[in-house]
Amino acid sequence: MSTELTGKRVAILATNGFEEVELTDPKKNLEDAGATVEVLSIKSGEIKGWNHTDWGKKVKVDRVVSDASLDAYDALVLPGGQMNPDTLRMDKNAVAFIGEFVKSGKPVAAICHGPWTLIEAGVVKGRTITSWPSLKTDLKNAGADWVDEQVVRDGNIITSRKPDDIPAFSKKLIEAMSSEGSQRMAGAA
């Protein structure tokens, strides 16, 4: 286990229908690097993942997003899955939390359909973003420069396209959260 993120806290914001590996794998990678990771959602209890073509495992919710404080976390992860971000972008507390997080300059990492929530928070205009290909038009219409790349970092926003990109996605987030990366990122926001 690495210790480069010891003392760092990460929020993963998700709800039912998150793509299972897009939550569980980055969570494990961040914890393996020494971070403490909490799952936030729009309701308490458990949320159920989606595993490619059917319902997957349940994950315990640590805190309801309406009770979460931006100051408690050093980074935010937004998993994809079609249902998850589509539901989150309709929740005013989730959207406000995402918008405030981006504006804070702290790292925000969204994968697959996760950037839908960034669109709703109004934070993609002028940013270079990647995503699942079906979001290309939505992102361009919101003012983003959409690219088809494994992982993209534009200031404090990190994006990836799909589950195959998770290793590069996690690596880029861990790099951004390292003390040197966080200092550079805060200046770029």
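Begin by selecting Lys 48 together with Lys 58, a residue of β5 that is the bridge partner of Lys 48; as you look, keep in mind that this is a predicted model.

Widen the selection to β4, residues 46–51, and to β5, and you will see that these two strands pair in the antiparallel sense over five bridges. Adding β2 then gives you an open sheet of three strands, which runs in the order β2-β4-β5 and has mixed pairing. The edge strands of this sheet are β2, at residues 18–19, and β5, at residues 54–60, each of which pairs on one side only.

Next, select residues 20–32, which form helix α1; this helix of 13 residues reaches 18 Å from its first C-alpha to its last, close to the 18 Å expected at 1.5 Å a residue. Colour Glu 20, Glu 22, Leu 23, Pro 26 and Leu 30 to pick out the buried residues of α1, and then step just past the helix to Gly 34, where phi is positive, at about 105°.

Finally, move to helix α3, residues 92–104, but start at Asp 91, where a side-chain oxygen reaches to within 3.1 Å of the backbone nitrogen of Asn 93 at the start of the helix. Helix α3 has 13 residues, and its span of 18 Å from first C-alpha to last is close to the 18 Å expected at 1.5 Å a residue. Along α3, select Ala 94, Val 95, Phe 97, Ile 98, Gly 99, Phe 101 and Val 102, which are buried. The last stop is Gly 105, just after α3, which takes a positive phi of about 90°.

Key: Residues are numbered from 1 along each chain as its sequence is written. This is a predicted model: local features need pLDDT of at least 70, side-chain atom pairs count only at pLDDT 80 or more; totals for chains, interfaces and linings use all residues. Side-chain values use heavy atoms; hydrogens and water are left out. Helices (H or I, at least four residues) and strands (E, at least two) are DSSP runs, numbered from the N terminus. The expected span of a helix is 1.5 Å times one less than its number of residues. Buried means under 20% relative accessible area, exposed over 50%, partly exposed in between (1.4 Å probe, protein chains only). A polar contact is a pair of N or O atoms within 3.5 Å; within protein, one must be able to donate a hydrogen and the other to accept it, and residues adjacent in sequence count only if both atoms are side-chain atoms. Two strands pair if DSSP finds at least two bridges between them.
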